[in-house]
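Reader: Hey, can you walk me through this one? I'd like to start with how the chains fit together.

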There are 2 protein chains.
Amino acid sequence: MSISSRFSVAIHILCLLAINKDKVTNTSEYLAGSVNTNPVVIRKVMSMLKGAGLVHVRAGVAGAKLAKKLSEITLLDVYKAVNVVAENDLFSTHEHPNPECMVGRNIQQSLTKQFSAAQKAMERSLEIVTLEDVVQDILQSDNV
Amino acid sequence: MSISSRFSVAIHILCLLAINKDKVTNTSEYLAGSVNTNPVVIRKVMSMLKGAGLVHVRAGVAGAKLAKKLSEITLLDVYKAVNVVAENDLFSTHEHPNPECMVGRNIQQSLTKQFSAAQKAMERSLEIVTLEDVVQDILQSDNV
DNA sequence: TTACATGTAACCATAATAATTACATGTGGG
DNA sequence: CCCACATGTAATTATTATGGTTACATGTAA
């Protein structure tokens with residue numbers, strides 16, 4: 001199973017807001033056209049980004065704007081904003097192992113520890129990349 | 001979304017095989033009792049572990065045995081054996097972004113790169129832990 | 001006040017998971 | 001040799017998550 005594409009959609013939106021800063025009004029309909037999805041999907045993601053303080057949007061007024069500089073938003077910020085993986089929940093552990101068995105009554109504790117470490121390693125990797133890096137990639141790819 | 005508990009079940013099974021090496025016959029029914037699931041679930045996982053060369057099982061003959069030493073099996077080996085996350089597929093990217101938009105036609109490439117790095121970071125974390133470590137955790141917890 | 005945008009609830013089709021049933025296949029003791 | 005028993009595996013089901021969509025309430029500014 002994969003982590004929801006909501007994360008990828010959110011990054012897409014934010015990069016677009018930066019690149020189109022002064023060119024077009026970034027309505028949910030316009031953004032949906034670039035992502036190729038439904039405007040409601042965009043608005044739902046946008047609502048989460050707003051909740052995390054990453055964008056400014058107002059009901060009734062067209063367009064959204066970044067609330068921070070690109071270099072101040074890491075992929076981890078976006079990941080947390082759109083809530084694609086809960087704390088300590090990247091890996092699921094089997095429920096209710098048999099408490100009468102030594103392995104059954106003690107394994108959860110060890111698994112939780114190791115899984116949590118693995119999840120944190122992944123999150124640290126997202127933390128060292130900013131949206132500025134992603135936008136640079138995009139600009140560079142487009143010039144080749 | 002979470003990674004299938006099949007991974008956690010597989011680790012559970014392997015630890016149990018090690019700890020019960022000479023005490024009981026580790027039939028799928030017995031193992032299912034400790035994990036608290038259906039024997040068929042165990043047999044399916046066991047089949048994948050067999051395919052990866054981690055256990056010996058034979059159709060018709062009761063019980064399974066480890067094919068390697070505990071210290072020679074990493075969590076990453078188990079993770080790959082049970083195929084819970086495909087290569088470069090921990091994160092899903094949105095399909096068919098608009099090729100007429102600069103962001104749409106270039107973002108996949110950047111996302112794939114970053115997502116792949118994050119997945120690899122997680123996998124490296126699994127690679128440095130062996131089943132021996134997990135069994136040690138279990139034995140220690142049980143003595144407290 | 002009206003045209004248009006956002007905010008959100010509700011619903012649906014689709015896909016994945018884990019559990020389960022059913023049965024074919026393989027094995028070795030008696 | 002055959003039969004009790006274990007594994008191998010296909011097929012089905014209930015449950016759950018996701019992404020898309022419709023519908024409509026709410027907000028804004030010209």
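Author: Sure, we'll take the interface, then the symmetry, then the strands. This is a predicted model, where local features need pLDDT of at least 70, side-chain atom pairs count only at pLDDT 80 or more, and totals for chains, interfaces and linings use all residues. Residues are numbered from 1 along each chain as its sequence is written, chains are lettered from A and ligands numbered from 1 in the order in which they are written, and side-chain values use heavy atoms, with hydrogens and water left out.

Reader: OK, how many residues of chain A are in contact with chain B?

Author: 56 residues of chain A are in contact with 56 residues of chain B. Contact here means heavy atoms within 4.5 Å.

Reader: And how much area do the two chains bury between them?

Author: About 4900 Å², with 61% of it on carbon and sulfur atoms. Buried area is the accessible area (1.4 Å probe) that two parts lose on being put together, summed over both. On the chain A side, Met1(A), His94(A) and Val103(A) lose the most area to chain B, together 12% of what that side buries.

Reader: Any salt bridges across there?

Author: The rule finds 4 across the interface of chain A and chain B. It asks for a side-chain nitrogen of Lys or Arg within 4 Å of a carboxyl oxygen of Asp or Glu. One of them pairs Arg105(A) with Asp142(B), the closest N and O atoms being 2.8 Å apart.

Reader: Why does that pair join two chains?

Author: Take Asp142(B) and its partner Arg105(A). Asp142(B) lies in helix α6 (residues 131–143) of chain B and Arg105(A) in helix α5 of chain A, so the pair joins two chains. Helices (H or I, at least four residues) and strands (E, at least two) are DSSP runs, numbered from the N terminus.

Reader: What about polar contacts?

Author: There are 30 residue pairs in polar contact across the interface, both residues at pLDDT 80 or more. A polar contact is a pair of N or O atoms within 3.5 Å; within protein, one must be able to donate a hydrogen and the other to accept it, and residues adjacent in sequence count only if both atoms are side-chain atoms.

Reader: Which helix gives the largest share of chain A's side?

Author: α5(A), with 18 residues. That side of chain A divides into 29 nonpolar, 21 polar and 6 charged residues. For that split, Ala, Val, Leu, Ile, Met, Phe, Trp, Tyr, Cys and Pro count as nonpolar, Asp, Glu, Lys and Arg as charged, and the others, Gly among them, as polar.

Reader: Switching topic: what rotation superposes chain A on chain B?

Author: One of 180° with 0.0 Å of shift along its axis (RMSD 0.0 Å). That is the relation of a two-fold axis. The copies are superposed by least squares on the C-alpha atoms of residues with pLDDT of at least 70 in both. Met122(A) comes closest to the axis of the residues of chain A, at 2.3 Å (C-alpha).

Reader: Now the strands. Do β1(A) and β2(A) run parallel or antiparallel?

Author: Antiparallel, with 3 bridges joining β1 (residues 55–58) to β2 (residues 61–66) in chain A. Two strands pair if DSSP finds at least two bridges between them. Arg58(A) stands opposite Val61(A), and His56(A) has Lys65(A) as its bridge partner.

Reader: What's in the turn?

Author: The hairpin has 2 residues between the strands, and Gly60(A) takes a positive phi near 95°.
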